[in-house]
Every structure is written in structure tokens, then in C-alpha cells.
Amino acid sequence: MAKINLTASRLAEFRCPEGKSQAFLWDSTAPGLGIRATPRGASAYIFQSEYQGRTLRMTIGGITARSIAEARVKARELQAMVDDGRDPRLVKAEIIAADTAKRERNRVEAVTVAVAWAEYIHARREMWGDRHYRDHIAKSKAGGTASARGTRGRGVTIEGPLYVFMAMRLSSLDAATIEAWAQREGKVRPTAARLAW
């Protein structure tokens, strides 16, 4: 495997020869760094080394995404992992998995009680009668609409007993919060609170 000093002009000129599925150009400066060109004209930085007696090759990125200097730094990092007995492919997979798990945790933590409540009601709708379904909707409704019933003499509806939770993140809903709610609601409207519980 012949090696040359990679330069911007050499990258621009390097092409995959006709009739081949891929071609490589190896850097003389950073061990394991190379360029792979395909018949479609796509070129990418690659890293190649030997890991546990087998050839290890991975793509670093397109030649337009990184400079030669950045690709050399990355190749050295990958070679250091191999030298330490770590498979860079597994390290990369672990980083991706951790990032995916973090995004999922953030997504779940951002879910409000209102979103979870709506999904719960929707999922259970077919098992409930109309009255039971309407009761669940009413338990979480905001107050303030004109009505002669359910207003406690105010002329407007009062909020459902569960409405206080709707804007909260589901992840922040804990036993202490629910217990404090039950104490408050139990004094004002014990039956509605018990049903909402």
C-alpha cells in the first residue's frame, strides 16, 4: 500500500479507475488514514488498521466535511483506541447509543401530564361508555366557561380536579405532589377528588 502526503489538490484529482468498485489513496503522515473513491465520484476519508488480527476499516467522513488536518487528528484518535485494545466501531456505537438514550430521556421528560392524559383517554376510549369518557374529559378541563351547573354559584365552570396537573411535566409528578393535591381537593370537593384519584 503506497503512501503519499495528502494535499487538497491530490484529493481533488483522485478518482476511482473505470471498472473498479473502489480505489484508495493512503496518507503518509497519519497512520491508517486514507481516501476511498467510488465510481459514482463520492470520496471519503477512511481509517484502516488491524484489530485483533483482522482488518478494521471505518469511514471518517466525506472529504468536503473535514479538512485533511481534521481527518489526520481523527485517524490518530482511532489508532490510539486500537493501540489501547478498544474497537473504535464499538466506541462509536456506544456513543451513538448513549446519545440516543439521552435524547429519548429528554423527550420523555418533556411530556406533559396533558399529553399523557390525552393518550390514556384515547387508548381506553373503546372500553368505556360515553358517560365514563365524558367524566374523564371533565376531570381535566379548564374552568371559566359560562354555565349554570358546576359553577359553585360563580356563573362560570370551575376547573376539573386534575386540571392543576395538566401543564406539569409527567416526570415531575410524584407521590408528594399527588398527596398534597388530594389533601387540598379532599377538603373542597371530596367526591370529585376521590373519583379523580
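Let us start in helix 4 (residues 113–124), where Trp 117 and Tyr 120 sit 3 residues apart, so about one helical turn separates them. In this predicted model, the two residues form an aromatic pair with ring centres 5.6 Å apart. The angle between their planes is 35 degrees, and the pair is tilted. Tyr 120 has a relative accessibility of 38%, so Tyr 120 counts as partly exposed. The two rings also belong to an aromatic cluster, which Trp 128 completes. Trp 117 and Trp 128 appear again in a nonpolar core, but that is for later.

The pair in helix 4 is one of 5 aromatic pairs found in a search of the whole structure. Another brings together Trp 181 and Trp 197, and because their planes are at 15 degrees, with the ring centres 6.3 Å apart, this pair is stacked. Here the partners come from distant parts of the chain, 16 residues apart. Trp 181 belongs to helix 6 (residues 175–188), while Trp 197 lies in the segment after helix 7 (190–196). Are these two rings buried or exposed? Trp 181, with 2% relative accessibility, is buried, whereas Trp 197 reaches 59% and counts as exposed. A different kind of ring contact involves Tyr 133: Arg 125 lies over the face of this ring, at 4.0 Å from its centre.

Now turn to the strands, and take strand 4 (residues 43–51) as a guide. Strand 4 is mostly covered, with 8 of its 9 residues buried. On one side of the story is strand 3 (residues 33–37), which pairs with strand 4 in the antiparallel sense over 5 bridges. Within this pairing, Tyr 45 of strand 4 has Ile 35 opposite. The hairpin that strand 3 and strand 4 make has 5 residues between the strands, and Gly 41 takes a positive phi there, near 95 degrees.

Strand 4 also runs antiparallel to strand 5 (residues 54–62), joined to that strand by 8 bridges. Tyr 45 is again a useful landmark, since Gly 61 in strand 5 stands opposite this residue. The hairpin of strand 4 and strand 5 has 2 residues between the strands. In the turn, Gln 52 has a positive phi of about 50 degrees.

What do these strands contribute to the interior? The largest nonpolar core has 23 residues. Those with the most contacts inside this core are Leu 6, Leu 33, Ile 35, Tyr 45, Phe 47 and Ile 60. At least two core residues come from each of strand 2, strand 3, strand 4, strand 5 and helix 2, and helix 2 gives the largest share, 6 residues. A second, separate core of 10 residues includes Trp 117, Trp 128, Phe 165 and Met 166, which takes us back to the aromatic cluster of Trp 117, Tyr 120 and Trp 128. In soluble globular proteins, nonpolar side chains tend to be buried together.

Ile 60 gives a good view of the larger core's surroundings. Leaving aside neighbours within four places in sequence, Ile 60 is in contact with Leu 33, Tyr 45, Ile 46, Phe 47, Arg 66, Ala 71, Lys 74, Ala 75 and Leu 78.

Charged side chains add another layer, with 8 salt bridges counted. One of them joins Arg 72 to Asp 27, whose closest N and O atoms are 2.8 Å apart. This salt bridge links distant parts of the chain: Arg 72 is in helix 2 (residues 68–83) and Asp 27 in strand 2 (residues 23–27), 45 residues apart. Both partners are buried. Arg 189 and Glu 185 also meet in a salt bridge, at 2.5 Å from N to O, and both of these residues are buried too.

The salt bridge between Arg 89 and Asp 87 has its closest N and O atoms 2.9 Å apart. How do the accessibilities of its partners read? Arg 89, with a relative accessible area of 38%, is partly exposed, whereas Asp 87, at 10%, counts as buried.

Our last stop is the loop between helix 5 (130–139) and helix 6, where Val 156 lies. Val 156 has a relative accessible area of 32%, so this residue is partly exposed. Its C-alpha atom is 5.0 Å from that of Thr 145, although the two residues are 11 residues apart along the chain.

Key: Residues numbered from 1 in each chain as written. Predicted model: local features only at pLDDT ≥ 70, side-chain atom pairs only at ≥ 80, totals over all residues. Heavy atoms only, no water. Phe/Tyr/Trp six-rings, centres within 6.5 Å; stacked < 30°, edge-to-face > 60°. Helix = DSSP H or I, 4+ residues; strand = E, 2+ residues; numbered from the N terminus. Buried < 20%, exposed > 50% of the residue type's maximum accessible area, 1.4 Å probe, protein only. Lys NZ or Arg CZ within 6 Å of the ring centre and 35° of its normal. Pairing = 2+ DSSP bridges. Salt bridge = Lys/Arg side-chain N within 4 Å of Asp/Glu carboxyl O. Core = buried A, V, L, I, M, F, W, Y, C linked by side-chain atoms within 4.5 Å. Contact = heavy atoms within 4.5 Å.
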